[in-house]
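Biologist: Before I accept the terms used for a structure, I should like to hear the reasoning behind them. Would you set each term against its criterion?

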Amino acid sequence: MPVIAIDGPTASGKGTIATRLAAELGWHVLDSGALYRLTALACLRRGIGAADVAAAAAAARGLDVRFGARIYLEGEDVTDAIRDEAVGDLASRVAALQPVRDALLARQRAFREPAGLVADGRDMGTVVFPDADLKVFLVASARARAERRYKQLIEKGFSANLDTLLRDLEARDARDAQRASAPLVAAPDALKLDSSDLTIDQTVAQVLAWWRARS
Ligand code: C5P
């Protein structure tokens, strides 16, 4: 079953691009970050911190989730709740724990179903789907990413501060890049795409062109 892996730093547009690609190709999509966010939310609700490795791993193993147009945790619609900054922050901390990553591995691979899968995350091309048919490492400058996130938040009616967003984003980048377990690195065979000055349409078109050139 073909897999296109899209990895890259936070807010690089991976989710939007992966969803659009999957729709174009008629494939499934895996938002692996959502699994780490769901684990974080489950931990928050049980009062588990990232220091309690065994409990965090147990929460990851026991996740009762359902993916579709909306995302459900234990039957509750948490699509918006998992996008909260506090959840994202704990997600990046629990994601640094190897037992948590191990607990989520089989669950991620199970998304590989006919006719194909577009998987987005940090380690799709390196760890989860090392045999992916196409690996894209999607980057954008920290400022471009902070501005995109700012716009999204304002459009959704939230208040936001661009400087705070930029600082948080750089801190999360550093944590994702420096951790010992599955740090954010491009697979050696990944094609790098800088979307700082590209529209969503242009970015999707480039990945599709790469895919069609290979298949
Ligand atoms: O992509 P998103 O911001 O939703 O991911 C939340 C957190 O989950 C990230 O900060 C990252 O630390 C972690 N993550 C990961 N590996 C993945 C996807 C996400 O470590 N494949």
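The exchange below concerns one helix and the surroundings of the ligand.

Modeller: Please bear in mind that this is a predicted model.

Biologist: How do you know that the span of helix α1 agrees with its number of residues?

Modeller: Helix α1 covers residues 14–25, twelve residues, and at 1.5 Å a residue it should span 16 Å. Its end C-alpha atoms are 16 Å apart, so the two values agree.

Biologist: Which residues of α1 are called buried, and what makes a residue buried?

Modeller: The term requires under 20% relative accessible area. Lys14, Ile17, Ala18, Leu21 and Ala22 of α1 are buried.

Biologist: How do you know that the buried residues line one face of the helix?

Modeller: Viewed down the axis of α1, the buried residues fall within an arc of 130°, and therefore they line one face. An α-helix has 3.6 residues a turn, so residues three or four places apart point the same way.

Biologist: Against what do the buried residues of α1 pack?

Modeller: They pack against strands β1, β2, β6 and β7, and against helix α9.

Biologist: What makes the pairing of Asp176 with the ligand a polar contact?

Modeller: The criterion is a pair of N or O atoms within 3.5 Å. A polar side-chain atom of Asp176 is 2.7 Å from a ligand oxygen atom, so the pair meets the criterion. For Asp123, the partner is a nitrogen atom of the ligand, at 2.9 Å. An N or O atom in the side chain of Arg179 lies 2.8 Å from a ligand oxygen atom.

Biologist: How much of the ligand's accessible area does the protein cover?

Modeller: The protein covers 96% of the 460 Å² that the ligand has on its own.

Methods: Residues are numbered from 1 along each chain as its sequence is written. This is a predicted model: local features need pLDDT of at least 70, side-chain atom pairs count only at pLDDT 80 or more; totals for chains, interfaces and linings use all residues. Side-chain values use heavy atoms; hydrogens and water are left out. Helices (H or I, at least four residues) and strands (E, at least two) are DSSP runs, numbered from the N terminus. The expected span of a helix is 1.5 Å times one less than its number of residues. Buried means under 20% relative accessible area, exposed over 50%, partly exposed in between (1.4 Å probe, protein chains only). The arc is that of the directions from the helix axis to the C-beta atoms. Contact means heavy atoms within 4.5 Å. A polar contact is a pair of N or O atoms within 3.5 Å; within protein, one must be able to donate a hydrogen and the other to accept it, and residues adjacent in sequence count only if both atoms are side-chain atoms. Accessible areas come from the Shrake-Rupley method with a 1.4 Å probe; for residues, only the protein chains shown count as cover.
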